[in-house]
Amino acid sequence: MNKTGKLKPLKCPCCGELQPESECSVFISQISQDVPNKYYGTSGGNIIGNLYWLDAQKNRVDWACDICLQQKRAFQGKPKRQLFCDFAPHFAYFDKQIICRDCGIIFQFLKEEQAHYYEKLVFKVQAERVRCDIC
């Protein structure tokens with residue numbers, strides 16, 4: 001938050017664009033309502049803000065701007081269905097390009113696969129896919 005009470009723009013991990021607070025309404029709603037035990041940081045007894053927002057500023061949270069969600073490049077995650085404790089949940093899923101640990105080819109970890117792993121099979125949110133289908 002800056003001195004005027006406005007939140008700083010965030011870089012959307014899905015489209016890579018810097019987005020103002022007005023284009024982050026779904027993410028803001030998720031971090032203020034959908035996550036159990038609101039996650040606020042304090043400094044000297046003062047609340048310094050929602051730590052998921054602060055983590056998003058450092059590219060440590062999977063979320064997507066309202067534009068990416070509307071254009072279906074991403075879809076909303078369901079944090080209450082995910083297993084997380086010291087890692088942030090997936091607030092949104094979008095296709096990710098990953099380099100296979102074994103053969104070095106680039107493959108896509110599709111948003112639908114991610115939702116299946118983290119919300120249906122309940123893998124820990126910090127688990128990352130590291131191998132292509134062939135390997």
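Where is the place of Leu10 in this chain? Leu10 belongs to strand β1, which covers residues 10–11. That is a handy starting point for a look around.

Some ground rules come before the tour. What you see is a predicted model, where local features need pLDDT of at least 70 and side-chain atom pairs count only at pLDDT 80 or more, while totals for chains, interfaces and linings use all residues. Residues are numbered from 1 along each chain as its sequence is written, and side-chain values use heavy atoms, with hydrogens and water left out.

**The overall layout**

The protein chain has 4 helices and 8 strands. Both kinds of element are DSSP runs numbered from the N terminus: helices are H or I with at least four residues, strands are E with at least two. Starting at the N terminus, you meet them in the order β-β-α-β-β-α-α-β-β-β-β-α.

Of the 135 residues in the protein chain, 35% are buried. Here "buried" means under 20% relative accessible area, "exposed" means over 50%, and "partly exposed" is in between (1.4 Å probe, protein chains only). The accessible surface of the protein chain is about 8400 Å², and carbon and sulfur atoms own 51% of that. Such areas come from the Shrake-Rupley method with a 1.4 Å probe, and for residues only the protein chains shown count as cover.

A contact means heavy atoms within 4.5 Å. Among the contacts in the protein chain with a separation of 6 or more, 53% are between residues 24 or more positions apart.

**Leu10 and the aromatic cluster**

Back to Leu10, which counts as buried because its relative accessibility is 1%. Not counting residues up to four places away in sequence, Leu10 touches several residues, including Phe27, Trp53 and Trp63. The C-alpha atoms of Leu10 and Lys58 are 9.0 Å apart, although 48 residues separate them along the chain.

Those three ring-bearing neighbours, Phe27, Trp53 and Trp63, turn up again in one aromatic cluster together with Tyr52 and Phe91. Rings of Phe, Tyr and Trp (its six-membered ring) pair if their centres lie within 6.5 Å; planes under 30 degrees apart are stacked, over 60 edge-to-face, and the rest tilted. By that rule there are 8 aromatic pairs. Phe27 and Trp53 make a stacked one. Phe27 sits in helix α1 (residues 25–34) and Trp53 in helix α2 (residues 51–57), so this pair ties together parts 26 residues apart in sequence. Phe27 also stacks with Trp63. That second pair links helix α1 with the loop between α2 and α3 (66–70), 36 residues apart.

| Stacked pair | Centre to centre | Angle between planes |
|---|---|---|
| Phe27 and Trp53 | 5.9 Å | 25° |
| Phe27 and Trp63 | 5.1 Å | 20° |

Are these rings buried or exposed? Phe27 is buried at 0% relative accessibility, Trp53 is buried at 3%, and Trp63 is buried with a relative accessible area of 0%.

**Asp62 and Lys96**

Asp62 lies in the loop between α2 and α3. At 16% relative accessibility, Asp62 is buried too. The side chains of Asp62 and Lys96 make a polar contact of 2.6 Å. A polar contact is a pair of N or O atoms within 3.5 Å; within protein, one must be able to donate a hydrogen and the other to accept it, and residues adjacent in sequence count only if both atoms are side-chain atoms.

Lys96 has something else going on: its charged end sits over the ring of Phe94, 5.7 Å from the centre. That label applies if NZ of Lys or CZ of Arg is within 6 Å of the ring centre and within 35 degrees of the ring normal.

**A hairpin and one last stop**

Strand β7 (residues 96–99) pairs with β8 in the antiparallel sense over 4 bridges. Two strands pair if DSSP finds at least two bridges between them. Gln97 has Gln108 in β8 as its bridge partner. β7 and β8 form a hairpin with 6 residues between them, and Gly104 in the turn has a positive phi of about 85°. In a regular strand the side chains alternate between the two faces of the sheet. Strand β8 (residues 106–109) has Phe107 and Phe109 on a covered face, with Ile106 and Gln108 on an uncovered one.

Finally, Gln82 is in the loop between β5 (74–76) and β6 (92–94). Gln82 counts as buried at 7% relative accessibility, and its side chain joins that of Glu119 in a polar contact of 3.1 Å.
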